[in-house]
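Biologist: Could you walk me through this model? I'd like to talk about its overall fold and its pockets.

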Amino acid sequence: SELGSAIRENQHVLHYQPRVNIQNNRGVGCEALIRWQHPKLGLVPPGEFIPFAEMSDFIQPLGLWVLETAIKQIRTWLDKGIELAVSVNLSARNLIDVTISSYIEKYLQTYNIPAHLLEVEITESALINDPERALKTVNHVHGLGVHFAIDDFGTGYSSLSYLKRLPIDTLKIDRAFISDMLTDEQDAVIVRSTI
């Protein structure tokens with residue numbers, strides 16, 4: 001019940017998790033991670049409020065807030081001479097919203113951001129709900145120059161034949177396979193095969 005007022009009162013914050021090239025230890029981008037700075041509960045992780053937002057109409061304004069805030073941050077960094085790509089997660093409901101691509105285009109133009117500095121992350125399951133509509137949205141946004149990543153790859157149910165139709169730039173293998181790949185041969189085989 002507090003989620004609506006949290007959006008209106010700007011109680012959310014983005015944290016930026018760096019992505020590093022392990023061959024040269026250089027930062028190559030980051031992922032925008034939402035948190036709720038609750039006035040009484042403190043910092044609330046997304047797992048505790050995103051599922052409720054997904055079940056309500058709050059996911060659309062929340063997704064737009066994340067997109068615009070991340071794009072503003074890219075502009076702030078560019079003004080300081082720092083060029084970093086930022087990844088933003090979109091929910092299945094955001095992905096099938098026909099207006100999302102026009103908002104992305106508007107934010108990129110408003111803040112004068114090169115589109116390649118924005119990467120949209122979607123899950124395999126987000127593609128299943130309404131595949132044709134999702135594909136249309138993904139293709140339109142990709143046509144702007146925005147990059148796409150499949151997050152949590154390997155946990156969804158979409159087929160590889162469907163994935164090959166998508167303009168995907170990055171596959172992020174789910175942590176369930178990565179975390180034990182040095183000690184679990186099956187995980188190592190899955191990761192090697194995916195790569």
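Modeller: Happy to; what follows is a short exchange about this predicted model.

Biologist: Let's start with the overall build: what is the radius of gyration of the protein?

Modeller: The protein has 10 helices and seven strands. For 195 residues the globule rule gives 16 Å, and the model comes close to that, so the protein is as compact as a globular protein of that length. The radius of gyration is 17 Å.

Biologist: And what share of the residues is buried?

Modeller: Here buried means under 20% relative accessible area. Of the 195 residues in the protein, the share that meets this is 41%.

Biologist: Which strand gives the largest share of the lining of the largest pocket?

Modeller: The largest pocket holds about 1,500 Å³ of space, and 45 residues line it. Nearest its centre lie E31, N89, E121, D151 and K172. Six lining residues come from one strand, the largest share: strand 2 (residues 26–38).

Biologist: How many residues in that lining of the largest pocket are charged?

Modeller: The lining of the largest pocket divides into three classes, with 22 nonpolar and 12 polar residues among them. The charged residues number 11.

Biologist: What about the second largest pocket: how many of its lining residues are nonpolar?

Modeller: The second largest pocket has a volume of about 200 Å³. Its lining includes W36, F49, F52 and F58, along with E2 and E48. Three lining residues are polar and two are charged, while the nonpolar ones number seven.

Note on methods:
Residues numbered from 1 in each chain as written. Predicted model: local features only at pLDDT ≥ 70, side-chain atom pairs only at ≥ 80, totals over all residues. Heavy atoms only, no water. 1 Å grid on protein atoms, 1.4 Å probe; cavity = no way out; pocket = protein on both sides within 12 Å on 5 of 7 lines; lining within 4 Å. Points joined across faces, edges and corners; volume = space filled by probe spheres on them. Helix = DSSP H or I, 4+ residues; strand = E, 2+ residues; numbered from the N terminus. Nonpolar A, V, L, I, M, F, W, Y, C, P; charged D, E, K, R; others polar. Rg over C-alpha atoms; globule rule 2.2 N^0.38 Å. Buried < 20%, exposed > 50% of the residue type's maximum accessible area, 1.4 Å probe, protein only.
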